[in-house]
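Work through these exercises with the sequence and the 3D structure at hand. Try each task before you read its solution.

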Amino acid sequence: MRIDIGSVLRVSANLPYADLVTRSTGAAVRRCIEAEIAGVGDDDVVTLDFTHIGMMDYSCADEVVAKLLLDLARRGARPSSLVFHGITDAHLEAIEDVLLHHGLALVVHFADGAARLVGAVSEDERVIWQLVHSRGSAHVEDLAREVARESAELMIVLEALLDRRLLRRDGPTFAPFGAVS
Amino acid sequence: MTAVITVPSSLDDLSFEHVLEQLAAQPADARVIVDARHCTFASPYGLTALLTLAQSRSERPTFLPPEDQDKVTYWARAGFFRYAEDLYDVQGTVPRPRTTRESDVLLELTPVVKSDDVHTVVERIKDKATQILTNRLHLISRATMGFTMALSEACQNIVEHAGRGGWVMVQVYQYRKRLGGRLAVVIAVCDAGVGFRRSLESSPRRPLTDRWDDGFALETAVVNGVSRYAEAGRGQGLKGIRGYVHRWEGKLSVRSGTARIALVPPWDDDVPRRDNLPPFPGAQLQITIPEKSAA
């Protein structure tokens, strides 16, 4: 499922703006997103597309990013994963700030196709996530060989990334959530 | 009895204290004449604070504009008289501004009352801010984004906490004395609302201490990021402003009630905290971001 946040802002929330600023705007957009993803199944990936959003401030990011993640987790209604697509420098600072503040993390896809894990993750988690992402998918044994570590040790990191829905299982392998075409 | 309040020839965040010292000697309902005839320079803080001064008086004050035609034309271009005429009895005739496009006023005086006003401010300033911060202040793209975010958060403080409207103004200056001729962009956001202390007092999050006063309230909100709202994500706006200002070697000062705190960069010699200042309602915030140093 793909949700165009620009369209949510201007059509669903009926706010005639290009930027995600102010807490009240963020709350209105978040409520619309929550309504759209209410029927999404556990295994679905929801892509929030920020391509048509100008900039985002801290207060709005707290509503649209942090509260959305926290509320979904609290209600047990979170889909398999949320992926943020079309992210630019104009969004990233606020997103990173609120994720760190709340101890959350996200996979963001930039407009040029690059992906990055942002927010509150350990250096270990970041390195392993990057490795899985660069390979497309990988068995734990292959990853362990590449970083010269024990499989069991690596499994702990991978499980943590799975728990936080920053990676997914693909049969016997671990895989990133795919980029959006 | 009518008191004459003399505006200093150079009006900025520090010299505005002289205005407040004179005002503090008058009862709240005293009739005052604000005399700016000999004022030859006014910063965005000076202009926004003069508007909030009028808001704070129960008796409509009289205003005497600068005598120098260049100065009064600048004040008009900055939008001062557009709002001053609603708040003061402005004496004499003042020029009607035609355009601000060619000036260094990035954002003329703009009222901030509701959330929509913050959107308007952001929409109006972001392209021009990007151009000026990149081409003239030589800051990278990420700094220009942070600038608009800081501006947005500063304005939101009025909407969320002040309880009444205020004003914002943004301008580029050459800082001859402190920055060796480098440029700086200055944001001023002033209101005459409830101020930090009263805002926090309305919340159970107020620290329980015998030292509770305006200075402590400012430190609680600006330095420790405590908001009157209990939600975990609240208070991040000011924290974000502080981080942005620190990252780009800027200066942040916030005055409220009888205190003022400042995040002071190496190029400035201000003090981090002042107490026992003349009382003034609301909150007055100034952000200064300097041109990137050649070194």
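Helices (H or I, at least four residues) and strands (E, at least two) are DSSP runs, numbered from the N terminus. This is a predicted model: local features need pLDDT of at least 70, side-chain atom pairs count only at pLDDT 80 or more, and totals for chains, interfaces and linings use all residues. Residues are numbered from 1 along each chain as its sequence is written, while chains are lettered from A and ligands numbered from 1 in the order in which they are written.

**Exercise 1. Describe the fold of chain A.**

Step 1. Count the elements. Chain A has seven helices and seven strands.

Step 2. Read them in order from the N terminus: β-α-α-β-α-β-α-β-β-α-α-α-β-β.

Step 3. Check the compactness. The radius of gyration is taken over C-alpha atoms, and the globule rule is 2.2 Å times the number of residues to the power 0.38. For the 181 residues of chain A the rule gives 16 Å, and the radius of gyration is 16 Å, so chain A is as compact as a globular protein of that length.

Step 4. Add the extent. The C-alpha trace of chain A spans about 55 × 30 × 30 Å along its principal axes.

Step 5. Find the buried share. A residue is buried if 20 or more other C-beta atoms, placed from the backbone, lie within 10 Å of its own. In chain A, 44% of the 181 residues count as buried.

**Exercise 2. Work out which parts of chain B touch chain A.**

Step 1. Fix the term. Two residues are in contact if their C-beta atoms, placed from the backbone, lie within 7 Å.

Step 2. Count both sides. Chain B brings 19 residues, and chain A brings 22.

Step 3. Name the elements of chain B. Helix 5 (115-135), helix 6 (141-162) and helix 9 (236-247) each give two or more residues. Helix 6 of chain B gives the most, with nine residues.

Step 4. Sort by class. Ala, Val, Leu, Ile, Met, Phe, Trp, Tyr, Cys and Pro count as nonpolar, Asp, Glu, Lys and Arg as charged, and the others, Gly among them, as polar. This side of chain B has five nonpolar, eleven polar and three charged residues.

**Exercise 3. Show how the domains of chain B meet.**

Step 1. Set the bounds, which come from an automatic or database domain assignment. Domain 1 of chain B is 1-92, and domain 2 is 103-295.

Step 2. Count the contact. Domain 1 of chain B gives 21 residues and domain 2 gives 25.

Step 3. Pick the main contributor in domain 1. Helix 2 of chain B gives the most to the side that touches domain 2, with eight residues.

Note on methods: A residue is buried if 20 or more other C-beta atoms lie within 10 Å of its own, exposed if 12 or fewer, and partly exposed in between; C-beta atoms are placed from the backbone.
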